[in-house]
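The exercises below ask the reader to work from the coordinates to short, defensible statements. Each task is followed by a solution that goes step by step.

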Amino acid sequence: MFIINDIIALLAANLILTQALGTSTMFIAASGRKNLIRTACVITLFTTVASAFTYFVDTLMPSSVRVYATLICYTLIIGVLYAFFLTVLYFFGKEKFNAYKKYIHISAFNCAVMGTLFTISEKAAADDSLRNTVTYFLKGLEAGAGFIVASLFLAAAFKKLNSEKVPASFRGYPAMLIYLGIISMAVYALK
Amino acid sequence: MRKERYIWLDKMITLATLSLMAFFYYGTHFLATAIICVLTAMAAEFISLRLMHKKIDADDLTCTSDALIIALMMPASINYLIAALAVIFGTVVAKNVFGGRQNMIFSPAAAAYLFVLTSWGRDMLMYPAPHVHTGLTGKAENLVNSASHVFNMTGKMDYTDFEILMGNFSGPCGAVSILLLTVAAVMLIFRKDISFGAFFGTILGTAAFAFITPMIQNRTDSVKYSLVTNMVLFASVFIVSDLRIAPRKWYFAFFYGLFIGIFSYILVLTTAKENAVVIMSVLFTPVALGIRILEKKIRLADDEDEEEKPAVEAKEAAV
Amino acid sequence: MNNRKNSVFDGILGDNLILSSLMVISPIIICGDSVKNALSLIYAFNSMTFISLIIGSFVPKKIPYTIRIIIYAVISSLVYIPVRWFAVEFYPDSIHRIGIYYPLLAVNSLIVLQSEAKFYRMKKGRMIISLVFYIIGFDLVMLFTGAVREFFAYGTILSKVADINTTVSGLGMPFGGFIFLGLMCGVYRKIRSSVRSGQTESEE
């Protein structure tokens with residue numbers, strides 16, 4: 001029962017469905033079912049690891065410059081991770097590098113990752129008990145899981161949303177937006 | 001597979017009887033709401049089909065049954081404009097934008113209900129008491145919370161079994177007539193108009209969890225009241241078991257319904273969320289779509305096996 | 001000549017940032033529910049995108065792609081500082097309205113990912129004109145979305161109460177933004193295809 005309750009709570013806190021974070025990235029990745037899920041997995045990797053590092057930025061940065069300097073610090077963290085993940089992938093072999101690098105390119109700099117970092121930082125600022133690396137890491141993972149869930153939702157309806165039966169002007173992106181909107185409406189009704 | 005128009009006809013018969021009961025309890029206001037909903041649905045359907053350059057045939061009348069379901073899920077005091085907007089949303093946004101009845105993703109009635117719930121929550125969840133007839137333009141003065149809300153919040157249900165069976169308690173117009181809903185469910189199941197697996201799964205999921213983790217001390221009462229409140233029975237018949245949405249194989253449909261039942265019961269138990277089953281039915285739409293993809297893959301694999309069988313047999317015979 | 005004109009003005013109708021490529025849609029879905037919010041978003045987006053893209057166009061193409069992307073992101077994060085400072089000094093309300101979407105606009109996919117494909121292959125002058133039209137296209141959609149959502153969701157126009165009996169409060173919510181944008185995208189595509197087919201017929 002508690003697991004089900006947690007699933008419902010996790011769904012109600014989904015960043016794509018409640019704050020629309022990362023929707024543009026999802027649509028860029030929405031050229032195929034597999035692309036969607038792989039991109040969401042790489043985004044999860046970014047949100048999880050980057051969140052753990054942002055903890056240090058949040059604690060070490062003086063409050064007088066926080067408003068202006070947070071973004072550049074987060075950007076640098078993501079930039080370093082971006083280069084690091086590409087390097088790691090390169091060592092797995094050229095074929096894999098060529099096949100998977102696009103997911104890293106799409107997933108690094110976007111509202112999904114950056115938005116997650118800012119959201120976690122905001123929550124931690126409001127509640128001091130959240131200020132530790134593990135919580136940041138877990139919150140990043142939770143946000144990433146939300147992206148995977150949302151991408152699975154989209155992947156399930158992918159064929160229907162791109163079907164020839166859908167009017168040409170609504171086929172693809174517009175239908176996806178409306179589909180996500182109705183799911184988001186149900187998530188809103190949960191609250 | 002039976003033509004949609006025959007399924008629609010059966011559904012309309014059951015919905016008409018529920019409407020009759022609602023008319024008895026709430027008078028002409030409900031009747032006007034139902035008529036407005038049906039006419040709006042027809043207009044929205046025909047206009048959007050024209051815009052999509054699609055031919056209109058008798059199967060397109062299914063929009064009227066969806067409209068009647070929407071009308072029956074609303075309180076008798078609902079503003080006519082809100083009812084009409086809900087129907088337009090259900091018909092155009094939740095159905096025809098995705099390609100209409102040949103490419104259904106959401107139950108139009110469930111999506112329309114959520115649309116009204118999220119935009120006009122107060123209008124949607126306050127009800128006139130039964131037998132309060134306001135006439136066509138009058139407004140009910142003393143709106144009350146539904147019996148479901150009271151049960152969710154306090155665990156109390158101050159109605160006799162007979163009143164519950166007859167639907168003589170405050171709530172959505174047509175979703176409280178338990179006896180009629182039971183008869184409708186049996187009829188529609190025997191006529192194969194709804195998915196038996198999904199219906200049975202929802203009822204079993206709700207009942208099982210209401211027994212295991214009861215909302216009130218008496219487990220039997222917990223099961224009984226959990227099934228008759230929060231539109232569980234109504235949604236099980238007309239939304240979750242909708243053949244256009246539910247998985248095709250009965251056992252897949254059963255698990256689909258079972259999880260909707262369990263999740264919605266737990267949502268009611270932990271947050272006292274009224275009519276959670278409708279919310280869950282929309283949230284489980286991707287699950288239904290995923291299961292349908294799985295069913296298709298299994299069917300294709302079976303077909304391939306069937307095609308290979310004669311060749312293998314011929315090979316074995318030759319050996 | 002005709003083709004050249006089309007590509008420069010594409011940002012408004014032919015290849016609208018929001019309606020065609022679905023870029024920068026998160027702030028619109030969440031914050032684009034009133035004209036005031038729309039104006040705040042327009043200020044933030046216009047200034048950050050224009051300045052970042054102009055500066056970014058000077059980044060040498062010899063640098064590896066990954067490093068270039070990081071440089072673009074760093075440039076826009078630096079541009080964010082004066083833009084925000086300016087907003088704090090002269091337009092403080094706008095920051096509260098947009099919240100975390102303010103910094104997110106700085107790393108929008110147009111600046112970081114799409115800038116090379118859309119702008120940096122052009123000559124500078126042409127790029128600037130094209131960029132201006134892309135920004136105008138964004139602004140028009142943003143204003144329209146803000147005005148329509150504000151009117152129907154809250155029954156107000158520029159925060160002044162309008163004479164409307166039934167408001168659809170859901171339109172002001174994130175899900176309302178999703179649905180409204182989806183419908184608008186569909187209508188936009190319809191208009192675009194009719195315009196294009198009209199153009200083709202007239203050419204023939």
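**Exercise 1. Locate Asn230(B), then describe its backbone and its burial.**

Solution. Asn230(B) lies in the loop between helix H11 (219-228) and helix H12 (232-240) of chain B, where helices (H or I, at least four residues) and strands (E, at least two) are DSSP runs numbered from the N terminus. This is a predicted model, in which local features need pLDDT of at least 70, side-chain atom pairs count only at pLDDT 80 or more, and totals for chains, interfaces and linings use all residues. Residues are numbered from 1 along each chain as its sequence is written, while chains are lettered from A and ligands numbered from 1 in the order in which they are written. The next step is the backbone: Asn230(B) has a positive phi of about 55°, although it is not a glycine. For burial, one counts the C-beta atoms, placed from the backbone, that lie within 10 Å of the residue's own: 20 or more others make it buried, 12 or fewer exposed, and anything in between partly exposed. Asn230(B) has 30 other C-beta atoms within 10 Å and is therefore buried.

**Exercise 2. Carry out the analysis of phi and burial for Ala20(A), and of burial and contacts for Asn162(A).**

Solution. Ala20(A) is found in the loop between H2 and H3 of chain A, and has a positive phi of about 60° although it is not a glycine. Because 29 other C-beta atoms lie within 10 Å, Ala20(A) is buried.

Asn162(A) is found in the loop between H8 and H9 of chain A. With 16 other C-beta atoms within 10 Å, Asn162(A) is partly exposed. Two residues are in contact if their C-beta atoms, placed from the backbone, lie within 7 Å; leaving aside residues up to four places away in sequence, Asn162(A) touches Arg171(A) and Gly172(A). The C-alpha atoms of Asn162(A) and Leu11(A), which are 151 residues apart along the chain, are separated by 25 Å.

**Exercise 3. Determine how H4(A) and H8(A) are oriented, and classify the residues of their contact.**

Solution. The axes are lines fitted to C-alpha atoms, for helices over the stretch in contact, and angles run from 0 to 180 degrees between N-to-C directions. For helix H4 (residues 33-60) of chain A and helix H8 (residues 133-161) of chain A, the axes come within 7 Å and cross at roughly 170°. Angles under 35 degrees count as roughly parallel, over 145 as roughly antiparallel, 65 to 115 as roughly perpendicular and the rest as oblique. H4(A) and H8(A) are therefore roughly antiparallel to each other. The contact of H4(A) with H8(A) has 19 nonpolar, nine polar and two charged residues, where Ala, Val, Leu, Ile, Met, Phe, Trp, Tyr, Cys and Pro count as nonpolar, Asp, Glu, Lys and Arg as charged, and the others, Gly among them, as polar.

**Exercise 4. Describe the sides of chain A that touch chain B and chain C.**

Solution. Begin with chain B: 24 residues of chain A are in contact with 27 residues of chain B. Two or more residues on this side of chain A come from each of helix H1 (2-12), H8 and H9, and H9(A) gives the most, with 10 residues. By class, this side has 20 nonpolar, two polar and two charged residues.

Turning to chain C, 36 residues of chain A are in contact with 38 residues of chain C. The elements of chain A that give two or more residues here are helix H2 (15-19), helix H3 (23-29), helix H5 (63-91), helix H7 (111-126) and helix H9 (173-190). The residues on this side of chain A divide into 23 nonpolar, 12 polar and one charged.

**Exercise 5. Summarise the fold and dimensions of chain B and of chain C.**

Solution. Chain B has 15 helices and two strands, and its C-alpha trace spans about 85 × 55 × 30 Å along its principal axes. Buried residues make up 52% of the 319 residues in chain B.

Chain C contains 10 helices and two strands, which run α-α-α-α-α-α-α-α-α-β-β-α from the N terminus on. The C-alpha atoms of chain C fill a box of roughly 60 × 55 × 25 Å, taken along the principal axes, and buried residues make up 43% of its 204 residues.
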